[in-house]
Amino acid sequence: MNANNLPALYLGHGAPPLLDDPVWRGELSKWSSNLVKPKAILIISAHWQAAPISVTSLQDNHPLYYDFYGFPQKYYEVQYQAPVALDLPGEIQKLIGQEIQVDQNRGLDHGAFVPLIAMYPQADIPVIQLSIPTMQPEKLFEIGKKLAPLRSQGVLIIGSGFMTHGLPFLKEFRIEATPPNWSVEFDLWANEMLQNGEVDKLLDFKNQAPGMPYAHPTVEHFAPIFITLGASSNPGEKIESAIEGYWMGLSKRSFAVL
């Protein structure tokens, strides 16, 4: 890793009950403790798809966006009052070369605040969330390349999704459930492609990855990986898996590009 650069991350964010899982929450906490503390965080969650590219509200302590249903009331009372990264929209606009919309009605969704609570519970790092404007891997990769200079400015870029997300095909709804073959096969293939730097094959995952379409019947949870990879496409950077294993049979593999 360039000494002046923060890594770019891709992580599995989990549903709100992640916060009650001491193992996974502990893994995220340990991971962040080994990173240089960022000056700001730019997070891209699977749960916000909006074009043109948008960012969350710039109002301090804007309420979170509780984009889930059917959970116990305590999860709708969770707070994460991190300061807003007010300088980032302007920097993003310069880098991307197009106007960035500000959604004044949107706070951080659970794909952002759940992992951030586990990683940076003191909520003392300025944060902003960026929307996913397209599901086309090549276009997301190009957006990531344009955002890459933020890393040298102390900005931690996080793509937040899930390495496998075939919820309709799960047969067991237990944290310790045996992972289905399609989840294991996709996870191992993706890790091999990451370690070998075979980005072209990852971009063509719909056609090349085993376990499809079961691993991703819809692709929004894999899409953030392409912004992460685009933001880290410098020669010599390596992939380091920080979290491995499965949660309810889904791969929670998370990695950093160093």
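**Pocket, core and helix α2**

In this predicted model, the largest pocket has a volume of about 410 Å³. Its lining comprises 19 residues, of which A15, F71, H110, H165 and L167 are the closest to the pocket centre. When the lining is divided by class, 12 residues are nonpolar, 6 are polar and 1 is charged.

The interior of the model was examined next. In soluble globular proteins, nonpolar side chains tend to be buried together. The largest nonpolar core here contains 85 residues, and those that touch the most other members are L42, Y80, I92 and L147. Among the contributors to this core, helix α3 (residues 110–119) gives the most, with 7 residues. The surroundings of Y80 illustrate the packing around one core member: leaving aside neighbours within four places in sequence, Y80 is in contact with L64, L108, F113, L116, I117, Y120 and A123.

Another core member, I92, belongs to helix α2 (residues 88–96), in which L88, P89, I92 and I96 are buried. These four residues lie on the same side of α2, because they cover an arc of only 95 degrees around the axis. An α-helix has 3.6 residues a turn, so residues three or four places apart point the same way. The buried residues of α2 pack against strands β2 (40–49), β3 (54–56), β5 (127–132) and β6 (155–161), as well as against helix α4 (137–147). Directly after α2 comes G97, which has a positive phi, near 80 degrees.

Conventions
Residues are numbered from 1 along each chain as its sequence is written. This is a predicted model: local features need pLDDT of at least 70, side-chain atom pairs count only at pLDDT 80 or more; totals for chains, interfaces and linings use all residues. Side-chain values use heavy atoms; hydrogens and water are left out. Buried means under 20% relative accessible area, exposed over 50%, partly exposed in between (1.4 Å probe, protein chains only). Helices (H or I, at least four residues) and strands (E, at least two) are DSSP runs, numbered from the N terminus. The arc is that of the directions from the helix axis to the C-beta atoms. Contact means heavy atoms within 4.5 Å. On a 1 Å grid over the protein atoms alone, a cavity is a set of points where a 1.4 Å probe fits but cannot get out, and a pocket is an open set with protein on both sides within 12 Å along at least five of seven lines; lining residues have an atom within 4 Å of a point. Grid points are joined across faces, edges and corners, and a volume is the space filled by probe spheres set on the points. Ala, Val, Leu, Ile, Met, Phe, Trp, Tyr, Cys and Pro count as nonpolar, Asp, Glu, Lys and Arg as charged, and the others, Gly among them, as polar. A nonpolar core is a set of buried Ala, Val, Leu, Ile, Met, Phe, Trp, Tyr and Cys residues joined through side-chain atoms within 4.5 Å.
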